[in-house]
Amino acid sequence: MKLLAGALHLQGLVGARASVWKASGLRSSAGLWPRCWASVGASGSEFGPSVSGRIMRPDDANVAGNVHGGTILKMIEEAGVIISTRHCNSQNGERCVAVLARVERTDFLSPMCIGEVAHVSAEITYTSKHSVEVQVNVMSENILTGTKKLTNKATLWYVPLSLKNVDKVLEVPPVVYSRQEQEEEGRRRYEAQKLERMQTKWRNGDITQPILNPEPNTVSYSQSSLIHLVGPSDCTLHGFVHGGVTMKLMDEVAGIVAARHCKTNIVTASVDAINFHDKIRKGCVITISGRMTFTSNKSMEIEVLVDADPVVDNSQERYRAASAFFTYVSLSQDGRSLPVPQLVPETEDEKKRFEEGKGRYLQMKAKRQGQAEPQP
């Protein structure tokens, strides 16, 4: 409620600023919008980074005291939706709400524990005609020692939907960049994510049917599903599910799959790009399904698929709402990484998915090694 109150208060300030802009006749270099400084690496910006924080409670964590990855993802999305909605309503015109469309790969750099304070900061780094890119950083603070560390960096993409018609995508006010290179780099990121979204939207995502008495270490042994009825507490004021709620449920299912496979304490290591293919409305029944796709010596890749069934609307069939790959690691009681039981793919589809997962693992491993090499 505090966050909502802050957002509403800021919206009033934004409306006042917009009136001042209109009266003063300020226009952007394109001649279409007032100059809207949206924290794109520029000091003295009109909209500074959105910052929030809260202490981690026992219900945020697993039995070992490590905060769930889904809890952190939900906080990241909340910060992103606040700053992107503020920006999209910074001009006079049709009011809108920013809706999560995609989350780029997110690495969990270090675990967060019960009692630590999570500081979440978000800033807008690029805008296209109909989307906003938001960079979010998460810091954990030990309030006893004052020690702080970076735990997460995430990039999210939002689109503004009209409050009058949530199926209508509005235009995004442009931002002013402090350097020309920022806009060019942002445009490349935008085109890359747009292409990948097109490629993953129609991924063959049928979950195999459960079989009786599956063998340990097989896909069927750890495969898990969660069925959830979407209620008002899951949704925005306009009746569709918060992206953070969906991501938290996806992480829970992935965690169950990982725990069933290795039977140890497990933590989220990274999340590949999460694509939100369609909105989920209040009253839908959603099925979140997870299956193991690949294991390396010390990590597990789990594919998670979200299907929505609009049971109160006979005119619409069940549809794929979101999809992503989660990577988990197994930890000992003292927090050391443990070897992971190797997955045994049985069917041709499982073997194909295993090889695809291996390719993603090797690609990311090579990328990390390249980043770790000293620059000449």
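**Questions on a predicted model**

Visitor: Is Asp251 buried or exposed?
Guide: Happy to start there, keeping in mind that the model is predicted. Asp251 has a relative accessible area of 4%. A residue counts as buried under 20%, so Asp251 is buried.

Visitor: Which helix holds Asp251?
Guide: Asp251 sits within a helix that spans residues 243–262. That helix is H5.

Visitor: Which residue does UniProt list with Asp251 under "active site"?
Guide: The annotation comes from an unreviewed UniProt entry, and Asp251 is one of its positions. The other position in that "active site" feature is Asn62.

Visitor: What is the largest C-alpha distance between these positions, which are spread over 190 residues of sequence?
Guide: Good thing to check in the coordinates. UniProt places the feature at Asn62 and Asp251. Despite their spread in sequence, they cluster in space, with a largest C-alpha distance of 12.3 Å.

Visitor: Where does Asn62 lie?
Guide: Strand S1 covers 50–55 and helix H2 covers 69–88. Asn62 is found in the loop between S1 and H2.

Visitor: Is Asn62 buried or exposed?
Guide: The relative accessible area of Asn62 is 17%. Because the cut-off for buried is under 20%, Asn62 counts as buried.

Visitor: Which backbone nitrogen does the side chain of Asn62 reach?
Guide: This one is a polar contact, for which the N or O atoms must be within 3.5 Å. The side chain of Asn62 has a partner at 3.0 Å, the backbone nitrogen of Ala64.

Visitor: Which residue is in contact with Asn62 and also with Asp251?
Guide: Leaving aside neighbours within four places in sequence, Asn62 is in contact with His68, Asn265, Ile266 and Val267. With the same neighbours left aside, Asp251 is in contact with His68, Gly69, Gly70, Thr268, Phe326 and Tyr328. The name found in both lists is His68.

Visitor: Which backbone oxygen does the side chain of Thr71 reach?
Guide: Thr71 lies in helix H2 and, at 3% relative accessibility, is buried. Not counting residues up to four places away in sequence, Thr71 touches Arg54, Asp60 and Lys248. Its side chain reaches a backbone oxygen at 3.4 Å, that of Asp60.

Visitor: How many disulfides does the count come to?
Guide: Cys88 and Cys96 are buried, at 6% for Cys88 and 5% for Cys96. The closest cysteine sulfur to that of Cys88 is in Cys96, 4.8 Å away and too far for a bond. A disulfide needs sulfur atoms within 2.5 Å. The disulfide count is therefore 0.

Visitor: How many of the 11 residues of strand S10 are buried?
Guide: Strand S10 covers residues 285–295 and is largely enclosed by the rest of the structure. That is because its count of buried residues is 10.

Visitor: Which residue of S10 is the bridge partner of His228?
Guide: Strand S7, residues 224–229, runs antiparallel to S10, and 6 bridges join them. In S10, His228 is bridged to Ile286.

Visitor: How many residues are between S10 and S11 in their hairpin?
Guide: S10 and strand S11, residues 300–309, run antiparallel and are joined by 10 bridges. As one example, Ile288 has Val306 of S11 as its bridge partner. The two strands form a hairpin, and the number of residues between them is 4.

Methods
Residues numbered from 1 in each chain as written. Predicted model: local features only at pLDDT ≥ 70, side-chain atom pairs only at ≥ 80, totals over all residues. Heavy atoms only, no water. UniProt positions renumbered as here; feature names shortened; annotations may be inferred. Buried < 20%, exposed > 50% of the residue type's maximum accessible area, 1.4 Å probe, protein only. Contact = heavy atoms within 4.5 Å. Polar contact = N/O pair within 3.5 Å; in protein donor to acceptor, adjacent residues only side chain to side chain. Pairing = 2+ DSSP bridges.
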